Amino acid sequence: MGQLVQVKGGEVWADDTGADGAGPPVVLLHSGVGDSRIWEPVLPGLAAGHHRVIRYDARGFGRSPAPTTPYAQVDDLRGVLDHFDLPRVVLAGTSMGARTAIDLALSDPGRVAALGLFTPGVAGYDGLEVPEITEEIGRLAGAGDLDGLIALALRVWGAAGPDPDTEAEARLRAAIPAWFTTYGHEIAGAPAFDRLGELDLPCTLLLGEQDQPEVIRCNEAMAARIPGCRLVRHPECDHFPTLRAPWDVVRLVIELCERAQAA
C-alpha cells in the first residue's frame, strides 16, 4: 500500500514495507527509463533479508503527480526521508536515481550510510550527451511518436534485452511522458563529478557492459574517483539492471547493508 507524501511544492507517491531489520533502511531510487516499479523484481529478495525498503516515484513518474512548480530531486528525497523519519539510510539508485543519491551523499553525508550505484548518472560529467540521439529524441517528441521513442530507447539503452522486450517496453511507455511533463520544472543538481573524491562511505557501482558506450565510460570514470568504490562489471546488463539481473542487484544491496553496519 503506497501513499502520497508531501514534499516542497508538491507530492510524490511512496511505498514503505515497514519491516524492521537489523541494518539501516534501504531507499530505492529509480531511473529516468522507468518508475519505482523498475525495482519490483528486486523487492522479494530484499524482503527475504528482512530489510525495511522504501521506494517512491519521482515527480511526474508512475503514481506521482506531474510538477507544477520548480523542484530539485535531492530536496524531494530529503522530504521522503523526513516523512518516514529516516535519519540514516542505504541508498540504491539506478541512472537518474543514482545521480540523486550522490547529490544527497555529498550535501548531507550524515544521512547516507552506503551508496549502491547501478548504471549511474552524475551531475557535471560532460561526456554523456550524444547530439544525434538528442536530436532524434527531439524529432520523435515533436511528432508525438511514442512508439518511435520507445524503439530508440531500447536500441540505445536496452541492448541486453530479449526480443520482444515486453517488460522494458512497458517501463519505458510509462516513463517517457515524464521526460516532457517535468521539463522546465526540475532544477538541475550542482556539478558532482569533480566532487566524487569527497565521498567517504561504502560504495558499490554496477556497470552494465551492454549499456550505452558513453554511460560505460562515465561509470568507469566515476568508480575511479570514488575512494574505495567496488566496481562490478556485469556482462549481461544494459541500462535496466533490475530487469536483467535482479538477484545480483539484491546481493549487492545486501552486501552494502552489511558493510554499512560494519563501518
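**Notebook: Arg-59 and two helix pairs**

I began with side chains and noted a polar contact of 2.8 Å between those of Arg-59 and Asp-76; a polar contact is a pair of N or O atoms within 3.5 Å, where within protein one must be able to donate a hydrogen and the other to accept it, and residues adjacent in sequence count only if both atoms are side-chain atoms.

The model is predicted, with pLDDT of at least 70 needed for local features and 80 or more for side-chain atom pairs, while totals for chains, interfaces and linings use all residues. Residues are numbered from 1 along each chain as its sequence is written, and side-chain values use heavy atoms, without hydrogens and water.

I placed Arg-59 in the loop between strand S4 (53-56) and helix H2 (73-83); helices (H or I, at least four residues) and strands (E, at least two) are DSSP runs numbered from the N terminus. The Arg-59 side chain also reaches the backbone oxygen of Gly-9 at 3.4 Å. I looked up whether Arg-59 is buried or exposed. Arg-59 is buried, at a relative accessible area of 2% (buried is under 20%, exposed over 50%, partly exposed in between, with a 1.4 Å probe and protein chains only).

I then turned to H2 and helix H3 (residues 96-107), whose axes come within 9 Å and cross at roughly 75° (axes are lines fitted to C-alpha atoms, for helices over the stretch in contact; angles run from 0 to 180 degrees between N-to-C directions). H2 is therefore roughly perpendicular to H3, a term for angles of 65 to 115 degrees.

Lastly, I recorded that helix H5 (residues 146-157) and helix H6 (residues 166-181) pack at about 115°, with axes 10 Å apart.

Conventions. Angles under 35 degrees count as roughly parallel, over 145 as roughly antiparallel, 65 to 115 as roughly perpendicular and the rest as oblique.
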